[in-house]
Structures are given as structure tokens and as C-alpha cells.
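Thanks for making time this morning. I would like to walk you through one model, starting from the whole chain and ending with a few side chains.

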Amino acid sequence: MKSEDQIHTSCYIWFHNTFPALRGKLWHTPNGGQRNISEAVKFRSMGVQRGIHDLLLLFDGKLHSFEIKNEKGRMSPEQKTFADMILSNGGTTWLIRDLETFQAAIKSIVNK
């Protein structure tokens with residue numbers, strides 16, 4: 001079973017290599033991981049929020065979000081809330097468990 005980090009990396013590298021003209025429009029905002037208390041307070045005061053999805057794509061004036069999970073992973077309540085916010089503001093969101101699903105999602109966005 002691939003880890004979420006492995007899936008995430010393969011998705012980003014595929015996008016970067018497949019769509020060079022769109023580089024910079026897909027990004028990851030690190031908002032998780034282990035931090036000490038002072039770093040956590042600092043980042044929270046700078047706007048870091050729980051639940052932000054792993055990859056965000058800005059394309060044609062819309063925000064598209066991708067939460068990456070391995071086959072056993074589940075979205076947290078905060079990630080579900082973020083997905084609802086994206087959808088209610090005209091964006092799209094996907095739960096990604098493998099590179100092939102990510103590729104299909106991206107192609108459906110950029111080939112419209």
C-alpha cells in the first residue's frame with residue numbers, strides 16, 4: 001500500500017511534468033505535521049487552518065482542491081468542512097487515492 005506522501009508526490013510530479021504552462025497554479029500548503037507549541041501558535045496567528053486540502057489548483061478563476069488519502073485514509077471533520085466551503089463557493093473538490101484518479105480529475109478541469 002502506498003503512503004499518502006507517495007501518492008501526493010506522484011500526483012504533483014505528474015502535473016508539473018505534464019502541464020509546464022500551468023506550473024505555479026497547483027500548490028501544497030503545509031498545515032499539518034508535528035510542531036512545538038510556539039510554532040503552532042505562530043502559524044495559527046499567521047492564518048494556518050486545520051482541514052486545508054493537500055493540493056490546491058487555481059484554474060480559469062476557480063479553486064479546485066484535492067485531498068489525498070491512501071486506501072485506508074478518511075477525511076477529518078475539518079477536511080469535510082473545507083470541501084463544503086470550496087463547493088459552496090463554486091469550486092470543485094476531489095478525494096484522491098491514486099495517481100490515476102488525480103490524472104482524470106485534472107484532465108476534466110483543464111480540458112473543458
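**From the whole chain to the aromatic rings**

Of the 112 residues in the protein chain, 33% are buried. Please keep in mind throughout that what you see is a predicted model.

Let me begin with the overall layout. The protein chain contains 4 helices and 4 strands, and if you follow the sequence, these elements come in the pattern α-β-α-β-β-α-β-α. Along its principal axes, the C-alpha trace spans about 45 × 35 × 25 Å. For a chain of 112 residues, a compact globule would be expected to have a radius of gyration near 13 Å, and the 14 Å found for this chain agrees with that. As for the contacts with a separation of 6 or more, 66% of them are between residues 24 or more positions apart.

Turning to the surface, the protein chain exposes about 7100 Å², and carbon and sulfur atoms supply 53% of that area. The chain carries 15 positive and 11 negative charges, and the mean positions of these two sets are 3 Å apart.

Now to the rings. How many aromatic pairs does the structure hold? There are 5 aromatic pairs, and ring pairs link W14, F15, F19, F66, W94 and F102 into a cluster. One of the pairs joins W14 and F19, with 5.6 Å centre to centre and 80° between the planes, which is an edge-to-face arrangement. F19 also pairs with F15, this time in a tilted arrangement, at 5.5 Å centre to centre and with 40° between the planes.

Are these residues buried or exposed? Both W14 and F19 are buried. In the case of F19, the relative accessibility is 17%, and because the cut-off for burial is under 20%, F19 counts as buried. F15, with a relative accessible area of 2%, is buried as well.

Finally, I would like to look at I109, which sits in helix 4, the element covering residues 99-110. With a relative accessibility of 7%, I109 counts as buried. Which residues does I109 touch, if we leave aside those up to four places away in sequence? The list is L57, F59, H64, F66, T92 and W94, and two of these names, F66 and W94, you have already heard as members of the ring cluster. I109 and T9, by comparison, lie 100 residues apart in sequence and 20 Å apart in space, taken from C-alpha to C-alpha.

Methods. Residues numbered from 1 in each chain as written. Predicted model: local features only at pLDDT ≥ 70, side-chain atom pairs only at ≥ 80, totals over all residues. Heavy atoms only, no water. Helix = DSSP H or I, 4+ residues; strand = E, 2+ residues; numbered from the N terminus. Rg over C-alpha atoms; globule rule 2.2 N^0.38 Å. Buried < 20%, exposed > 50% of the residue type's maximum accessible area, 1.4 Å probe, protein only. Contact = heavy atoms within 4.5 Å. Areas by Shrake-Rupley, 256 points an atom, 1.4 Å probe, with all protein chains shown as cover. Lys, Arg positive; Asp, Glu negative; His and termini not counted. Charge placed at Lys NZ, Arg CZ, Asp CG, Glu CD. Phe/Tyr/Trp six-rings, centres within 6.5 Å; stacked < 30°, edge-to-face > 60°.
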